Amino acid sequence: MLNLVRAEILKYIRLKLVLFIAFAPAIISLLVAGAYLFMKVAGVDFGNVPGEVGLAATGGGTFGLASGFVIVAVNGVYLIGLVITGGMVGSNEYGWHTIKMLATREPSRPRIMLSKTLFLLTLTAFMAGVATVGWLILGLLFKALYNAGDTGSLDAEAIGKGFLYLLFTFAVNFLWSVLAMFLAVRFKSVVVAIIFYFIINTLDGIVSTLGEAALSGQLGTRFPNWLEPLINITKFISPFLVNFSLNQLTSGPNNPNFIQSISAVQSIIVLLVWMGLFIWAAVAVFRRRDITE
């Protein structure tokens with residue numbers, strides 16, 4: 001298995017797009033640092049260090065501000081990059097016409113798909129590590145630019161919250177990348193996989209948002225007779241969806257849609273179940289595939 005994962009890594013580190021995706025957190029950190037240093041040289045007064053802002057639970061102070069830039073605001077960039085990579089991992093063997101050779105050389109088809117899954121996990125972990133380094137360095141830079149002084153307890157809280165936010169968001173990014181891999185294996189096309197991913201993620205997001213609003217009372221209680229059954233279905237389904245679970249795990253104190261009655265353990269289990277389901281689906285489809293090309 002280790003040799004198969006190593007082979008996947010060697011295949012994809014040669015692709016400039018994958019390398020760009022892998023180092024995207026470092027690039028973004030450098031851009032943010034460069035922008036702030038330019039403003040400092042230009043004489044901009046940054047004022048006081050902002051407190052905890054927004055709906056995400058990332059803490060306040062300079063490290064909370066840094067995580068807002070490097071982790072929260074641009075997580076969609078990391079997500080799309082990993083989804084594209086997942087689609088490539090699932091479909092490139094067909095485009096390269098190496099799928100038959102790979103399937104005949106390796107006696108276990110599930111091992112092939114599991115090695116590709118482990119490659120995606122490795123890439124996700126690498127990106128998370130790069131994002132962590134960039135975020136912490138940026139937090140120290142902000143501390144100097146803002147003349148923040150000693151804010152030990154505030155920094156410790158922000159770093160702890162930031163690590164949890166990063167862990168959950170990158171876990172979900174990996175989950176969606178595995179879905180893209182499964183779709184690419186099923187349809188033999190990275191384009192089709194990405195289209196289906198956007199459809200599934202959008203529907204998941206819509207139902208999750210409506211369910212959160214309904215469960216938290218933000219939608220009120222007066223619905224037309226024809227709409228109330230749909231709202232009830234949404235309230236029942238949403239706690240078992242990906243975006244709802246991620247929002248529950250990363251919501252800050254300012255988020256009015258946070259549901260106290262749903263535990264973090266339940267949300268983590270939901271994400272793990274979806275992750276396992278997508279991996280199983282990719283393995284199951286590839287195992288039964290008749291490879292004739």
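# A guided tour of a twelve-helix chain

Start by selecting L154, which you will find in helix α8, the stretch covering residues 152-187. Keep in mind as you click around that this is a predicted model. L154 has a relative accessible area of 33%, so this residue counts as partly exposed. Now add G60 to your selection: L154 and G60 are 94 residues apart in sequence, yet their C-alpha atoms are 6.7 Å apart in space. Leaving out residues up to four places away in sequence, L154 touches G60 and G61.

**Zoom out to the whole chain**

Show everything as a cartoon for a moment. How many helices and strands does the protein chain have? There are twelve helices and zero strands. If you trace the chain from the N terminus, the elements run α-α-α-α-α-α-α-α-α-α-α-α.

Next, try a surface view. The protein chain exposes about 14,500 Å², and carbon and sulfur atoms supply 70% of that area. Of the 293 residues in the chain, 48% are buried. The pair you selected at the start joins residues far apart in sequence, and here is how such contacts figure in the chain: among contacts between residues at least 6 apart in sequence, 82% join residues at least 24 apart.

**Step into the loop after α8**

Go back to the cartoon and select K188, in the loop between α8 and α9. Is K188 buried or partly exposed? Its relative accessibility is 38%, and therefore K188 counts as partly exposed. Look at the backbone here too: the phi of K188 is near 60 degrees, a positive value in a residue other than glycine. For background, most residues other than glycine have a negative phi.

**Where α9 meets α11**

Now select helix α9 (residues 190-215) together with helix α11 (residues 242-250). The two pack at an angle of about 55 degrees, and their axes are 7 Å apart. That angle makes α9 oblique to α11. To see who makes the contact, show side chains for N201, D204, G205, S208, G211, E212 and L215 on α9, and for V242, N243, F244 and N247 on α11. Colour them by class and you should find three nonpolar, six polar and two charged residues.

**Zoom in on N243**

Stay with α11 and centre the view on N243, which is part of this helix. Because its relative accessible area is 18%, and buried means under 20%, N243 is buried. Which side chains does N243 reach through polar contacts? One polar contact, of 3.0 Å, links the side chain of N243 to that of N201. Another, of 2.7 Å, links the side chain of N243 to that of D204. Setting aside neighbours within four places in sequence, N243 is in contact with W176, N201, D204, G205 and S208. You have already met N201, D204, G205 and S208 on the α9 side of the helix pair.

**Last stop: T234**

Finally, select T234 in helix α10, which spans residues 228-237. Is T234 buried or exposed? T234 counts as buried because its relative accessibility is 13%. Now show its contacts: apart from neighbours within four places in sequence, T234 is in contact with V207, L210 and G211. G211 may look familiar, since it is among the α9 residues that make the contact with α11.

Technical notes
Residues are numbered from 1 along each chain as its sequence is written. This is a predicted model: local features need pLDDT of at least 70, side-chain atom pairs count only at pLDDT 80 or more; totals for chains, interfaces and linings use all residues. Side-chain values use heavy atoms; hydrogens and water are left out. Helices (H or I, at least four residues) and strands (E, at least two) are DSSP runs, numbered from the N terminus. Buried means under 20% relative accessible area, exposed over 50%, partly exposed in between (1.4 Å probe, protein chains only). Contact means heavy atoms within 4.5 Å. Axes are lines fitted to C-alpha atoms, for helices over the stretch in contact, and angles run from 0 to 180 degrees between N-to-C directions. Angles under 35 degrees count as roughly parallel, over 145 as roughly antiparallel, 65 to 115 as roughly perpendicular and the rest as oblique. Ala, Val, Leu, Ile, Met, Phe, Trp, Tyr, Cys and Pro count as nonpolar, Asp, Glu, Lys and Arg as charged, and the others, Gly among them, as polar. Accessible areas come from the Shrake-Rupley method with a 1.4 Å probe; for residues, only the protein chains shown count as cover. A polar contact is a pair of N or O atoms within 3.5 Å; within protein, one must be able to donate a hydrogen and the other to accept it, and residues adjacent in sequence count only if both atoms are side-chain atoms.
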